[in-house]
Amino acid sequence: MGKGLSLWFACSSILILTAASISISYNIWLALLLGFLCVMNIGWGFIVKARLRRKAESKQPSS
């Protein structure tokens, strides 16, 4: 995965977790939803990384 895409997933996860921590004092359901979205965002980052790695490995000629 490229540096730009890694930075995107890192920053978006930090922003979602920051919003979740702020919303804890206002609405617990919103905080739980944002926490779930953050976990999904991190999981999506791992999925994208695995797909890109698999695609790069398939392009390499076998020895």
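Reader: Leaving aside its neighbours within four places in sequence, which residues is isoleucine 16 in contact with?

Author: Good place to begin! Keep in mind that this is a predicted model. Isoleucine 16 lies in helix 1, and, with neighbours up to four places away set aside, its contacts are Leu34, Leu37, Cys38 and Asn41. Sequence separation and distance in space can also be read together: glycine 35 is 19 residues along the chain from isoleucine 16, yet their C-alpha atoms are separated by 7.4 Å.

Reader: How are the two helices placed, and at what angle do their axes cross?

Author: Helix 1 covers residues 3–23 and helix 2 covers residues 28–59. Their axes come within 8 Å and cross at roughly 170 degrees. An angle over 145 degrees counts as roughly antiparallel, and therefore helix 1 and helix 2 are described as roughly antiparallel to each other. As for the kinds of residue in this contact, 16 are nonpolar, six are polar and none is charged.

Reader: How many residues does helix 1 have, and how far does it reach?

Author: Helix 1 has 21 residues, and from its first C-alpha to its last it reaches 30 Å. That is close to the expected 30 Å, taking 1.5 Å a residue. You can try the check again on helix 2: its 32 residues should span 46 Å, and its end C-alpha atoms are 47 Å apart, so the two values agree.

Reader: Which residues of helix 1 are buried?

Author: A residue counts as buried when its relative accessible area is under 20%. In helix 1 the buried residues are Phe9, Ser12, Ser13, Ala20 and Ser23. Look down the axis of helix 1 and these buried residues fall within an arc of 100 degrees, so they line one face of the helix. That buried set packs against helix 2.

Reader: Which exposed residues does the face of helix 1 turned away from its buried side carry?

Author: There you will find Lys3, Gly4, Leu7, Ile14, Leu15 and Ile22, which are exposed.

Reader: And which residues of helix 2 are buried?

Author: They are Ala31, Leu34, Cys38, Asn41, Gly45 and Val48. The buried residues of helix 2 pack against helix 1, just as those of helix 1 pack against helix 2.

Reader: Could we follow one residue from each helix? Why does serine 13 count as buried?

Author: Serine 13 is found in helix 1, and it counts as buried because its relative accessibility is 9%. Its contacts, apart from neighbours within four places in sequence, are Cys38, Asn41 and Ile42. Now cross over to asparagine 41, whose place is in helix 2. Asparagine 41 has 10% relative accessibility, so it counts as buried. Beyond residues up to four places away in sequence, asparagine 41 touches Phe9, Ser12, Ser13 and Ile16. Isoleucine 16, where we began, has Asn41 among its contacts.

Reader: What about residues outside the helices: is serine 25 buried or exposed?

Author: Serine 25 sits in the loop between helix 1 and helix 2. Its relative accessible area is 62%, so it is exposed. Serine 25 and lysine 49 are 24 residues apart in sequence, and their C-alpha atoms are 35 Å apart in space.

Reader: Where is proline 61 found, and is it buried or exposed?

Author: Proline 61 is found in the segment after helix 2. With 73% relative accessibility, proline 61 counts as exposed. To place it in space, find tyrosine 26, which is 35 residues away along the chain: the two C-alpha atoms are separated by 55 Å.

Terms used: Residues are numbered from 1 along each chain as its sequence is written. This is a predicted model: local features need pLDDT of at least 70, side-chain atom pairs count only at pLDDT 80 or more; totals for chains, interfaces and linings use all residues. Side-chain values use heavy atoms; hydrogens and water are left out. Axes are lines fitted to C-alpha atoms, for helices over the stretch in contact, and angles run from 0 to 180 degrees between N-to-C directions. Helices (H or I, at least four residues) and strands (E, at least two) are DSSP runs, numbered from the N terminus. Angles under 35 degrees count as roughly parallel, over 145 as roughly antiparallel, 65 to 115 as roughly perpendicular and the rest as oblique. Ala, Val, Leu, Ile, Met, Phe, Trp, Tyr, Cys and Pro count as nonpolar, Asp, Glu, Lys and Arg as charged, and the others, Gly among them, as polar. Buried means under 20% relative accessible area, exposed over 50%, partly exposed in between (1.4 Å probe, protein chains only). Contact means heavy atoms within 4.5 Å. The expected span of a helix is 1.5 Å times one less than its number of residues. The arc is that of the directions from the helix axis to the C-beta atoms.
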